[in-house]
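This report is meant for someone meeting the structure for the first time. Please look through the sequence and the model below before reading on.

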Amino acid sequence: MPQGKTKMIGVLAYANVEPYQEQPGEEYMNEKQLAHFKKILEAWRNQLREEVDRTLHHMQDEAANFPDPVDRAAQEEEFSLELRTRDRERKLIKKIEKTLVKVQEDDFGFCDSCGVEIGIRRLEARPTADLCIDCKTLAEIKERQMAG
Ligand SMILES: [Zn+2]
C-alpha cells in the first residue's frame, strides 16, 4: 500500500487508509473493496464511540460546580448543545452498524432505490450513503416539496 503523499480526506483519515485504487477490469464490490469499506466503517464507528464516551466523562467531571447562576446557565447551554451533538452521533453509529451488516451480507455499495452502483469515490466521501446521487437528489427535492 502506498504511504504518505496522498492527502487523506474525511472518514478515510479515521481508518488511516488511502483512497482505493481500482485495478482495470476489477469487479465492483469484490472482497478487497468490501474489506476496504469495512475497515473505514469500523474505524469511523470506533471514533464516534470514543467521542460519545469522552463527552459523558467530561460532563460528569464538570457538572454542578458553579455557584453563580449565570455560569450554571452557560454550562447547561453547553451541555444541551453537546447532548444534541452526541444524539446525532449515536444515530450515526446506528447507521454505520446497519451499513456494516450490508457489507457482511454482500449488499453494500448499491442504491437502495434503483439498484445501480453508488460508486467508490462517493462511498469514500460518505460510506453510509444508501442512494445513488440521482436518487438522493430526487429524494431531497421531494423532501423540500413536502416541507413546503
Ligand atoms: Zn438510485
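Helix α3 has 36 residues, which at 1.5 Å a residue should span 52 Å, and the C-alpha atoms at its ends are indeed 52 Å apart, so expectation and model agree. The model is a predicted one, and every value in this report was computed from it.

At the start of α3, Asp-68 caps the N-terminal end, with a side-chain oxygen placed 2.7 Å from the backbone nitrogen of Val-70. Just beyond the other end of α3, Asp-106 takes a positive phi of about 65°. Along α3 itself, the buried residues are Gln-75, Phe-79, Glu-82, Arg-86, Glu-89, Ile-93, Ile-96, Thr-99, Leu-100, Lys-102 and Val-103, and the buried residues of this helix pack against α2. An α-helix has 3.6 residues a turn, so residues three or four places apart point the same way.

Helix α2, the partner in that packing, can be checked in the same manner. It runs over residues 31–62, and its 32 residues should span 46 Å at 1.5 Å a residue, which agrees with the 46 Å between its end C-alpha atoms. Its N-terminal end is capped by Asn-30, a side-chain oxygen of which lies 3.0 Å from the backbone nitrogen of Lys-32.

Which residues does Thr-55 contact, once its neighbours within four places in sequence are left aside? Thr-55 lies in helix α2 and is in contact with Glu-82 and Arg-86, two residues that are listed among the buried ones of α3. Thr-55 itself counts as buried because its relative accessibility is 7%, under the 20% limit for that class.

Lys-95, which is found in helix α3, has a relative accessibility of 27% and therefore counts as partly exposed. Not counting residues up to four places away in sequence, Lys-95 touches Thr-128 and Asp-130. The C-alpha atom of Lys-95 is separated by 9.6 Å from that of Ala-129, although the two residues are 34 residues apart along the chain.

The next topic is the aromatic rings, of which two pairs are counted. In one of them, Tyr-28 and Phe-110 meet edge-to-face, with 5.2 Å from centre to centre and 85° between the planes. This pair links distant parts of the chain, since Tyr-28 sits in the loop between α1 (10–15) and α2 while Phe-110 sits in the loop between α3 and α4, 82 residues apart. Phe-37 and Phe-108 form an aromatic pair that is tilted, again with 5.2 Å from centre to centre but with 50° between the planes. Because Phe-37 lies in helix α2 and Phe-108 in the loop between α3 and α4, this pair ties together parts that are 71 residues apart in sequence. The accessibility of the four ring residues is set out in the table.

| Residue | Relative accessible area | Class |
|---|---|---|
| Tyr-28 | 12% | buried |
| Phe-110 | 29% | partly exposed |
| Phe-37 | 0% | buried |
| Phe-108 | 3% | buried |

Phe-37 also appears among the contacts of Glu-124, a residue placed in helix α4. Not counting residues up to four places away in sequence, Glu-124 touches Val-11, Leu-12, Glu-18, Pro-19, Tyr-20, His-36 and Phe-37. With a relative accessibility of 3%, Glu-124 counts as buried.

The model also holds a zinc ion, whose protein donors are the SG atoms of Cys-111, Cys-114, Cys-132 and Cys-135, lying 2.3 Å from it. In sequence, these donor residues follow the spacing C-x2-C-x17-C-x2-C. Two of them, Cys-111 and Cys-135, link distant parts of the chain, the former in the loop between α3 (69–104) and α4 (120–125) and the latter in helix α5 (residues 133–147), 24 residues apart. Cys-111 is buried, with a relative accessible area of 5%, and Cys-135 also counts as buried, at 14%.

Why is the arrangement around the zinc ion called tetrahedral? The four donor atoms subtend angles of 105 to 115° at the ion, which makes the arrangement tetrahedral, because that class asks for all angles to lie between 85 and 135 degrees. For four tetrahedral donors, the ideal angle at a metal is 109.5 degrees.

Terms used. Residues numbered from 1 in each chain as written. Predicted model: local features only at pLDDT ≥ 70, side-chain atom pairs only at ≥ 80, totals over all residues. Heavy atoms only, no water. Helix = DSSP H or I, 4+ residues; strand = E, 2+ residues; numbered from the N terminus. Expected span 1.5 Å × (residues − 1). Polar contact = N/O pair within 3.5 Å; in protein donor to acceptor, adjacent residues only side chain to side chain. Donors = N, O, S within 2.8 Å, 3.2 Å for Na, K, Ca; no water. Tetrahedral: all angles 85-135°; square planar, octahedral: opposite > 155°, others 65-115°. Buried < 20%, exposed > 50% of the residue type's maximum accessible area, 1.4 Å probe, protein only. Phe/Tyr/Trp six-rings, centres within 6.5 Å; stacked < 30°, edge-to-face > 60°. Contact = heavy atoms within 4.5 Å.
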